[in-house]
Amino acid sequence: MSGLRFGLKTLLRDSRTGELGVLLAAIVVAVTAMTAVGFFTDRVGGAIRTQASAVLAGDLDLSSTDPIPAEYMRDARARGLDAAELMTFPTMALAADNNSLALIKAVSSGYPLRGEILVSPQMFGEAAPVQGIPAPGEAWAEPGLLARLDVDVGATLVVGSASVVVTQVLDYQPGQGVGGFSQLAAGLLVNIADVQAFDVIKPGSRITYRQIFAGEPGAVDDWRAELRVRVGKSVRIRGLEDAGEQITAAIDRAQRFLTLASLVTVILAAVATAMAARRYALRHLDTIALMKSLGATQGFILVSTLSQLGLVIVVTALLGTFLGYGAQGVLVGLGASLLKVDLPPASWFAGALGLLTAATITVGFALPHLLKLKDTPPMRVLRHDLPPPRLNTGLSYGIAILALLFMIGAIVQDLLMLGLIAGGLIIVGATAVAGGWFLVWILTRFRGAAGVSWRYGLANISRRGSESVVQIVAFALSLMVLLLLTLVRSDLLSEWQRTVPEDAPNYFLINIEPEQWPGISDFFEEKIGTAPDYLPFLRGRVTRIKGEAVDDIQFPNPRAENFAKREGNLTWRSALPETNEIREGEWWAAANQGEIEASLEVGIARDLGIAVGDTLGFNVGGEDVDVRVTSLRFVEWDSMQPNFFVMLSPGLTEELPQTYIASVFIPPEKRRILSDFVREFPGVTLLDLEVILSQVRMIIERASMAVQYVFLFTLLAGITVLLAAIQVTKDERRFESAILHTLGAGRRTIMQGLAVEFTALGTLAGLLAAFGATAVGWVVAEQAFELDYGLNPWIWLVGCLVGALIVGFCGTLATRGAVNEPPVAVLRDG
Amino acid sequence: MQDIVLRTEALSKKVSSPEGSLTILDDVRIAVQSGESVALVGPSGAGKTTLLALLAGLDRPSHGHVWLCGEELTALDEDGRARLRGDRVGFVFQSFHLVPSLTALENVMLPLELTGADGAKARATDALTSMGLGERLGHYPNQLSGGEKQRVAISRAFITKPEVLFADEPTGNLDTATGERVASLLFDLNKEFQTTLVLVTHDRELAARCDRIIELASGKVVP
Ligand SMILES: Nc1ncnc2c1ncn2[C@@H]1O[C@H](COP(=O)(O)OP(=O)(O)OP(=O)(O)O)[C@@H](O)[C@H]1O
Ligand SMILES: [Mg+2]
């Protein structure tokens, strides 16, 4: 018999007796979790990316005030990318009786490459997606423009030297972001073929030329890299990551939640695997010794062990990947209606991830134990109690730690994160072990406390010193996850969902003249019962930083340069918005009449090297002002509120040229008031946020669902740890209770002893778990997710109770079989 | 003089214990002839099992040498000793030691397959049938009684036609009648295959059936 056949045969036989159950279950759970997350982020993540790119109308966007060479379009298409071109410019649109400034967006066929255009047949009608673009001679107009011109669909508008017929109301077009208030005029979508006829392109006209591209992520990245070299300085390149801070932030958090969940799952599964593998090895020592006495060489044993591991890897990888794929299928199916785009098919990469997970866990955590089998002394056939071959601790822990780091690295794909997590794990692990030892030590003091069951139970814990610690730590880890799962997770998730409440503002009003405000306020008071708050809105350009002219400064990155060289949005406020948090300095108390104070967003301040106390010069509507930075703010970008890099103190600021903006929540059934509004306040531009809002909500909703789902695997992994820990001592317990039986101890006494032992173990583990969950929950909430998390005092009680109950019950139940076995059977079973 | 298949020279075994070094076997010199049957007897703790393990190359001596079938064991590495055992040595243990994941037939086939011999299945089937276990070929060890297990173990021990068979209290776990049957089997096979038999036993009657008795006391051969 070859080592291969013997190994596989033994493995199969063991799997039939249930011996392998825990080991296989642990690895399968890890693989399932990893592949489910892998498949999920792969497919839905892809879909979310697509939706983010819908904001840009493509994956990559070039814009310039000069014409962009047409050869880029050709070259991009040659690379298999889709491409379209756009021109935007403001110009006057004339109707029969009225005229208005319109923002013309002339597009080529193919636009939008991502996302869709929503149109309706008349003003404030039902919006529906549409294919294609306006035919030459036709135009789709935003409601604001139609209202200002006081016309509806069917009207003929004169643009420059030509005219177009309005055939649709343009309700939504990609690229209509929340942050971009530059779009001050209402839009008119036309075919790019008409631009020539308009004859409006003259020197000095404010035209923006754009080209957009979309395709496979890799191809887009390559193209982007090439463009970066080819395009001139005047061309601005934007990619997905610039596609609106709200969406990026939401995706980011979602990925961190998922990462955390799969990480904990993998770690727990690895712990269970190591425990189960050790037990598996111990149980096979005798057989291996026998094989050796019958002439089996070390090579034979090695081959047999390795083939077992190989089979374990293949089986768990297949099963786990299959389950992971199914799990992800359920997940996607659950919320498919939420996604308007088609999901990309699951890629093989996620499948390979399953194999990788199975292999890493098996090799890292099971191999060291099983490899030692070949060193089993053959002498064991004659002397059972010979100690098993000693594990090379340094080497085996080294392998395990390497494997773990490898897995974490694969999950987080970020060296800094890897370091942080590894450090965190070491701290959690060391604290848990120290805590475990301390608790066991305390327990030893209570040994003599009560009757024989108590003494037997507690003595067991302290006698098995290090094993008890391992068990406590393992139980504690699983319980910790359980606690995090039930208490912290729901706290975190609801905290997160609160960032986009149901009644989040769904319309922005911009371009409000300050003297119009009372009228607007009254309008909403009357129609929807609440008056929105306004926000002053100033357009300003930075002129000086710390006294130095901006033109002389070298900027470290495009974000800083964009901020400094472009006209940006400013506001003044007396109170700090709720979604902002002061990180340095202090928010102003009241209007300081002497100078204007400014509060900067921390990120941009860091980019520009600005600290509290520095000065900035701004040009606001032609007036130069100097401001002093008195605080740095953290901004919650996905809060669906208008957010600002720079906020100014009131007082002098109120004299500067400005408009107001406001955001309101208009319930869907009251949308018709908007036509009244547009008629009454034609100068005010309405921005519909519904689409973006629902995108962000969708992402949060899907991600929360995914996270809960993945945490389910974490829970399963925790249970496998529990089972493995119980299984490890099972043989010993069988034997012990048989001896106790023969010594005259009743079944009841032994059972009580076991119950005391497991309940005590569970309570200690619960205590440790509550501590861990509190600490981890706090760190995770504050550091990783930037959410406020109030500590939950119930966690301690719940932890101890649940620990005592679950571990006490499961432990006693799982070892009950041992007690019930007739002692002869156990003692004679050599 | 007949062939000597098993010989020791100044064999001793020391182990370290909490109370310092402990000598379990001290300067043991024995020689066993081919085809001979030898009983190792002595009080509990005398070192019988230890000696048997050294003779079979399951353990290494602290001093001295063992020649088994012409090979000096201390000169071989673990794999070398394993191969020697596979080719020329058989074992019967007190607690049978069948591989739980293999059937009776597969257990008997095992030594043949490990050495790569031909016709393993047919030979194992024959061996078990001649032991009266023809109906039990596909049974797993946990489906067999103690006596049946020991008969399977004996079939397995003799299947390679070993030159030397070691047995550590082969009847220790069996009732008197079964023990008697198993012992008879051992001696029959010893005659049939000319196998040298070295067995450790507390059973005076079983010892008396051997050609020679070597008595151990406190790690020394009693002259
Ligand atoms: N690894 C070891 N460490 C310490 N002492 C040992 C070791 N192996 C054997 N001994 C001791 O050596 C002595 C001989 O043991 P051995 O098992 O050879 O005796 P035995 O003659 O087979 O006894 P029994 O008839 O009870 O089986 C015993 O006192 C035993 O305690
Ligand atoms: Mg003995």
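# A tour of chains A and B and ligand 1

Start by selecting Lys546(A), which sits in the loop of chain A that runs between strand E13 (534-545) and strand E14 (548-549). The model on the screen is a predicted one, and in it Lys546(A) takes a positive phi of about 50° although the residue is not a glycine. With a relative accessible area of 45%, Lys546(A) is partly exposed.

For a counterpart in the other chain, select Asp27(B), which also has a positive phi of about 50° without being a glycine. Asp27(B) belongs to strand E2 (residues 20-28) of chain B, and its relative accessible area of 40% places it among the partly exposed residues.

**The two chains as a whole**

Colour the model by chain next and take chain A on its own. Chain A has 830 residues, of which 54% count as buried, and its secondary structure consists of 22 helices and 22 strands. If one considers the contacts in chain A between residues at least 6 apart in sequence, 82% of them join residues at least 24 apart. The area that chain A exposes is about 35400 Å², and carbon and sulfur atoms supply 59% of it.

Switch to chain B, where seven helices and eleven strands are found and where 56% of the 223 residues count as buried. Among the contacts in chain B with a separation of 6 or more, residues 24 or more positions apart account for 70%. Chain B exposes about 9500 Å², with 47% of that area supplied by carbon and sulfur atoms.

**Ligand 1**

Now centre the view on ligand 1, which lies between chains A and B. Which residues come nearest to ligand 1? Of the 13 residues around it, these are Ser44(B), Gly45(B), Lys48(B), Thr49(B) and Thr50(B). Helix H1 (residues 48-55) of chain B gives the most to this shell, with three residues, and the shell as a whole divides into four nonpolar, six polar and three charged residues.

Display the side chains of chain B here and follow the distances from the oxygen atoms of the ligand. An oxygen atom of ligand 1 is 2.5 Å from an N or O atom in the side chain of Thr50(B), while for the side chain of Lys48(B) the corresponding distance is 2.7 Å. A further side chain to show is that of His202(B), in which an N or O atom is 2.9 Å from an oxygen atom of ligand 1. The protein covers 65% of the 630 Å² of accessible area that ligand 1 has on its own.

**A residue that touches both chains**

Select Thr376(A) next, in the loop of chain A between helix H9 (348-371) and helix H10 (393-412). Is Thr376(A) buried or exposed? Its relative accessible area is 0%, so Thr376(A) is buried. The side chain of Thr376(A) reaches the backbone oxygen of Leu373(A) at 2.4 Å. Leaving aside residues up to four places away in sequence, Thr376(A) touches Leu285(A), Ile288(A), Ala289(A), Lys292(A) and Pro389(A), and in chain B it touches Glu78(B).

**An aromatic cluster**

A search of the whole structure finds 14 aromatic pairs over all chains. To see one of them, select Phe524(A) and Phe677(A), whose rings form a tilted pair with 5.3 Å from centre to centre and 35° between the planes. Phe524(A) lies in helix H14 (residues 517-527) of chain A and Phe677(A) in helix H17 (residues 673-680) of chain A, so the pair ties together parts that are 153 residues apart in sequence. Both Phe524(A) and Phe677(A) are buried. Extend the selection to Phe523(A) and Phe681(A), which form one aromatic cluster with Phe524(A) and Phe677(A).

**Two prolines in loops**

Move on to Pro112(A), which is found in the loop between strand E3 (99-107) and strand E4 (117-120) of chain A. The peptide bond that joins Tyr111(A) and Pro112(A) is cis, with an omega of about -10°.

The last stop is Pro174(A), placed in the loop between strand E8 (162-172) and strand E9 (186-191) of chain A. With a relative accessible area of 1%, Pro174(A) is buried. Add Glu116(A) to the selection: although Pro174(A) and Glu116(A) are 58 residues apart along the chain, their C-alpha atoms are separated by 6.6 Å.

Terms used:
Residues are numbered from 1 along each chain as its sequence is written. Chains are lettered from A and ligands numbered from 1 in the order in which they are written. This is a predicted model: local features need pLDDT of at least 70, side-chain atom pairs count only at pLDDT 80 or more; totals for chains, interfaces and linings use all residues. Side-chain values use heavy atoms; hydrogens and water are left out. Helices (H or I, at least four residues) and strands (E, at least two) are DSSP runs, numbered from the N terminus. Buried means under 20% relative accessible area, exposed over 50%, partly exposed in between (1.4 Å probe, protein chains only). A polar contact is a pair of N or O atoms within 3.5 Å; within protein, one must be able to donate a hydrogen and the other to accept it, and residues adjacent in sequence count only if both atoms are side-chain atoms. Contact means heavy atoms within 4.5 Å. A residue is near a molecule or strand if one of its heavy atoms lies within 4 Å of it. Accessible areas come from the Shrake-Rupley method with a 1.4 Å probe; for residues, only the protein chains shown count as cover. Ala, Val, Leu, Ile, Met, Phe, Trp, Tyr, Cys and Pro count as nonpolar, Asp, Glu, Lys and Arg as charged, and the others, Gly among them, as polar. Rings of Phe, Tyr and Trp (its six-membered ring) pair if their centres lie within 6.5 Å; planes under 30 degrees apart count as stacked, over 60 as edge-to-face and the rest as tilted.
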